[in-house]
Amino acid sequence: MRSIKVERLWATAKDGKKVPLTLVYNKYLQGSKKMDGKRVLLTSYGAYGAPMRVGFNSSIFSWIDRGFVYAIAHVRGGSDLGMSWYDDGKQLNKKNTFTDFIACAEHLVSEGYVLSGNIVAQGGSAGGLLMGAVSNMRPDLFKAVILDVPFVDVGNSMLDESLPLTTTEYEEWGNPKNKKFYEYMKSYSPYDNIRQQNYPNMFFFTGLNDKNVPYWESAKMVARLRTNNTGKTTILLKTDFNSGHGGGAGRYDSYRELSYKMALIFDLFEKNTALVKVAQP
């Protein structure tokens, strides 16, 4: 039996801004609000002014029943707190998106919801850019990172005007023909900022027919990560030869894809992934 609690927290960003966090979890999990299981799935997007909407999602209960807190970080780059929230996370302010997410992860650790290094992070497309950036910046925070059709080779793709979205997205990222924008992109582009360090487990999912984010971005990044990863974690690339930016088109494809990702994550937590039997008060 579940007793679900929805909670709003506020993390303090690097520049002092308060970043909203939405949590969903079983409040009777192992008899304590402070999660004894100490595991969190933290997701975000943070681009194009798209807010991280909060609503019912049946798939999150597979996480919750296995002891996870499901957490949404409402970082800058989305319009969660209005258009100024969007403007403060685009073009030459883009790094605020990444530091906001890190602040949210650190807040969850400091408040006792999760142990540092036990967070699973997930994001897709521009949210995949966020995942790649924070993996370079603070790999110690994460046990695993899921990158769905991720935009990880920012500089090279934004210089390639043959790609269908490049010139229309100068408004979002800036025009790299301008040296100021190019150098800023280069300073955060996940592919360009890989270095020798211990990376978390990283799972890349891309589609051969993706017209928005070419599959080779993930392929390049995985190759460089495997060369530079000094740890014993898994860096996985799964390229679907039949899908595009939105995943498979079949009626049940999205469920198969989600269950595959869940299986990877639950296996990392080994014996602790069994459905949690909670004590009711």
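## How H3 and H4 cross

Helices H3 and H4 are roughly perpendicular to each other, and this is a good place to begin a tour of this predicted model. H3 covers residues 95-110 and H4 covers residues 126-137. The two pack at an angle of about 65°, with axes 9 Å apart. Since angles of 65 to 115 degrees count as roughly perpendicular, the pair earns that label. Their crossing is right-handed.

Which residues of H3 and H4 make the contact? From H3 come Thr 97, Phe 98, Thr 99, Phe 101 and Ile 102, while H4 brings Leu 129, Leu 130, Met 131, Ala 133, Val 134 and Met 137. Sorted by class, the contact has 9 nonpolar and 2 polar residues, with no charged ones.

## Two nonpolar cores

The largest nonpolar core holds 54 residues. Those touching the most other members are Leu 42, Phe 101, Leu 108, Phe 142 and Trp 173. Phe 101 is already familiar from the H3 side of the helix contact. For background, nonpolar side chains in soluble globular proteins tend to be buried together.

Leu 108 is worth a closer look. Leaving aside residues up to four places away in sequence, Leu 108 touches Leu 9, Leu 21, Leu 23, Val 40, Leu 42, Ala 71, Tyr 113 and Val 114. Another core, of 21 residues, lies apart from the largest one; Ile 60, Phe 61, Tyr 70 and Phe 269 are among its members.

## Ile 4 and its contacts

Ile 4 belongs to strand E1, which spans residues 4-12. Is Ile 4 buried, partly exposed or exposed? Its relative accessibility is 36%; the partly exposed class runs between the buried limit of 20% and the exposed limit of 50%, so Ile 4 counts as partly exposed.

Beyond residues up to four places away in sequence, Ile 4 touches Val 24, Tyr 25, Asn 26, Phe 61 and Ile 64. One of these, Phe 61, is also a member of the 21-residue core. Ile 4 and Leu 21 are 17 residues apart in sequence, and their C-alpha atoms are 16 Å apart in space.

## Positive phi outside glycine

Two loop residues deserve a glance at their backbones. Tyr 48 has a positive phi of about 60°, although it is not a glycine. Tyr 48 sits in the loop between strand E3 (39-43) and helix H1 (61-64), and is partly exposed, with a relative accessible area of 36%.

Gln 91, also not a glycine, has a positive phi near 45°. Its place is the loop between helix H2 (83-87) and H3. With a relative accessible area of 22%, Gln 91 is partly exposed.

How values were computed. Residues numbered from 1 in each chain as written. Predicted model: local features only at pLDDT ≥ 70, side-chain atom pairs only at ≥ 80, totals over all residues. Heavy atoms only, no water. Core = buried A, V, L, I, M, F, W, Y, C linked by side-chain atoms within 4.5 Å. Buried < 20%, exposed > 50% of the residue type's maximum accessible area, 1.4 Å probe, protein only. Contact = heavy atoms within 4.5 Å. Axes fitted to C-alpha atoms, helices over the stretch in contact; angles between N-to-C directions. Helix = DSSP H or I, 4+ residues; strand = E, 2+ residues; numbered from the N terminus. Parallel < 35°, antiparallel > 145°, perpendicular 65-115°, else oblique. Left-handed = near helix turned anticlockwise from the far one by under 90°. Nonpolar A, V, L, I, M, F, W, Y, C, P; charged D, E, K, R; others polar.
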